[in-house]
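Please walk me through this structure in the viewer. Tell me what to select at each stop and what is found there.

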Amino acid sequence: MRRRTKGPRRAPESAVHEPAGGPHRAENPVGGKWLSRGTDGRLAAFALAPGVLLRWTEARPGGPDWDGPESFPVPPGLSHLSISQGANGYLHFLAHRTRQNAEGRTTTDLMYSMQYQSGRPLNEWRAIGNPYKAEDERHARLGRPTGAVDGAGTLHVFVRNAGRGLHVRHEDKDGKWRPWQDLRGSALHEGVTVGVTSKGRIGVLGPSEKPLHHWQQAVQGGAFERLEDKHVTMVPGTGVALETAEDQLTFYVADAYSPNLLAIRPNGSIVPIGGAPGGGALCALRTVIDGQDCTVLVHRGVGGTPVFGAFVTNAEEWGVQWADVGRPCLGDPATVLDAHGRIVVAMLGTDGIPRVTRQSSESGLTLGQWRGI
């Protein structure tokens with residue numbers, strides 16, 4: 001039997017460095033992969049200020065210094081902005097947009113942009129559209145988008161439709177958007193969870209008033225098949241998917257009827273793992289700690305601060321070591337491995353300053369001091 005990984009040690013409350021405020025102060029978090037590692041190994045962090053998207057980028061791979069914030073205008077009416085990342089490192093930005101047309105009618109559509117390389121400008125924002133025609137009363141009831149990038153680098157956009165089912169749209173090889181596909185489903189809530197395996201297959205978990213809906217591609221680029229529902233009442237928008245065995249996804253979600261996170265394994269088993277979640281989205285990664293293949297989860301706890309957990313991958317029932325590791329934050333914290341393979345945890349402070357803490361040693365799991373960027 002493998003031994004448990006040692007639990008994380010709490011990072012000191014004081015930060016080593018607090019940057020001065022600039023012309024833009026972050027006021028709102030971004031969803032999805034708002035902390036990510038780019039094609040050159042540098043990390044980037046994103047947040048929203050009025051009318052602009054802010055970006056901080058590591059000055060060099062592995063830090064500790066950061067450049068920014070740089071500001072990029074966003075089209076008026078954007079909301080629910082989130083970021084997805086493919087295996088090629090490209091970042092895909094998705095958002096929901098509401099605006100008035102020339103006739104004074106409120107229209108709703110989805111927008112996207114891309115970042116190809118660390119520190120480079122974002123592409124122009126473009127419309128993905130809406131599965132309903134503008135004159136259809138269902139047009140205004142389109143949900144917020146969630147993105148997943150398959151192994152070929154193809155972006156898939158999932159959105160709850162007016163009938164509370166699920167639509168998906170994806171690009172073709174020439175970059176043109178294919179027609180919307182209705183995956184059906186019923187009584188869905190906002191906040192689907194998506195994941196991609198190392199073989200490029202996308203899995204989707206949809207919170208519902210009924211049992212959790214589950215879709216999966218049999219092969220990369222294939223059709224989405226509706227699999228057996230999961231008998232879990234998930235808090236909408238809390239899930240994250242992680243490949244925990246070759247070509248297999250485990251979903252981690254918050255349980256609506258207990259103070260637990262749940263691990264939903266590929267074989268359908270459900271394991272409570274504690275964590276006292278506060279209702280936001282989780283983030284997850286796999287790494288080696290003291291020679292063991294471990295899973296790391298980070299989320300915003302009931303006290304409003306980042307909570308960090310680590311455990312041996314696929315051995316959740318052996319116990320998860322949880323630690324409160326920060327001060328109150330806005331939105332959901334994030335985690336990623338830096339260019340040297342060290343765990344980095346980030347949060348957006350209530351003062352609008354992003355802060356990061358980094359694994360401070362090659363062995364064990366000790367996080368360093370929080371540093372404002």
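**Stop 1: Ser-118**

Select Ser-118 and Asp-40: their side chains make a polar contact of 2.8 Å. The model you are looking at is predicted. Ser-118 sits in the loop between strand E9 (106–115) and strand E10 (126–129). With a relative accessibility of 8%, Ser-118 counts as buried, because the cut-off for buried is under 20%. Now show what surrounds Ser-118. Not counting residues up to four places away in sequence, Ser-118 touches Gly-38, Thr-39, Asp-40 and Arg-42.

**Stop 2: the five-stranded sheet**

Next, colour the strands on either side of that loop and those they belong with. E9 and E10 are part of an open sheet of five strands, in the order E2-E7-E8-E9-E10, with mixed pairing. Its edge strands are E2 (31–32) and E10, each of which pairs on one side only. Go to the E2 edge. Here E2 pairs with strand E7 (residues 78–85) in the parallel sense, over two bridges. To see one of these positions, select Gly-32, whose bridge partner in E7 is Ile-83.

**Stop 3: Asp-109 and two arginines**

Stay in this sheet and select Asp-109, Arg-97 and Arg-99. Arg-97 forms a salt bridge with Asp-109, and the closest N and O atoms are 2.7 Å apart. This pair links distant parts of the chain, with Arg-97 in strand E8 (residues 91–100) and Asp-109 in strand E9, twelve residues apart. Both Arg-97 and Asp-109 are buried; for Asp-109 the relative accessibility is 9%. Arg-99 also forms a salt bridge with Asp-109, at 3.9 Å between the closest N and O atoms. Arg-99 lies in strand E8, ten residues from Asp-109 in strand E9. Unlike the buried Asp-109, Arg-99 is partly exposed, with a relative accessible area of 42%.

**Stop 4: strand E21 and its partners**

Move on to residues 260–264, which form strand E21. How much of this strand is buried? Four of its five residues are, so E21 is largely enclosed by the rest of the structure. Add strand E20 (residues 248–254), which runs antiparallel to E21 and is joined to it by four bridges. Phe-251 has Ile-264 in E21 as its bridge partner. Then add strand E22 (residues 270–275), which pairs with E21 in the antiparallel sense over five bridges. Asn-260 has Gly-275 in E22 as its bridge partner. In the hairpin of E21 and E22, which has five residues between the strands, select Gly-268 to find a positive phi near 95 degrees.

**Stop 5: Asp-255**

Go back to the five residues of the hairpin that joins E20 to E21. Asp-255 is in the loop between these two strands. Which side chain of opposite charge is nearest to Asp-255? It is Lys-230, at 15 Å, and Asp-255 is buried yet has no salt bridge. Its side chain does make a polar contact of 2.8 Å with the side chain of Ser-258. Leaving aside neighbours within four places in sequence, Asp-255 is in contact with Thr-233, Val-235, Asn-260 and Leu-262.

**Stop 6: further salt bridges**

For the last stop, select Arg-355 and Asp-351, whose side chains meet in a salt bridge (2.7 Å, N to O). Arg-355 is buried, with a relative accessible area of 2%, whereas Asp-351 is partly exposed at 32%. Finally, select Glu-58, Asp-338, Arg-342 and Arg-358, which are linked in a network of salt bridges. The count of salt bridges in the model comes to 21.

How values were computed
Residues are numbered from 1 along each chain as its sequence is written. This is a predicted model: local features need pLDDT of at least 70, side-chain atom pairs count only at pLDDT 80 or more; totals for chains, interfaces and linings use all residues. Side-chain values use heavy atoms; hydrogens and water are left out. Buried means under 20% relative accessible area, exposed over 50%, partly exposed in between (1.4 Å probe, protein chains only). Two strands pair if DSSP finds at least two bridges between them. A polar contact is a pair of N or O atoms within 3.5 Å; within protein, one must be able to donate a hydrogen and the other to accept it, and residues adjacent in sequence count only if both atoms are side-chain atoms. Contact means heavy atoms within 4.5 Å. Lys and Arg count as positive and Asp and Glu as negative; His and the chain ends are not counted. A salt bridge is a side-chain nitrogen of Lys or Arg within 4 Å of a carboxyl oxygen of Asp or Glu.
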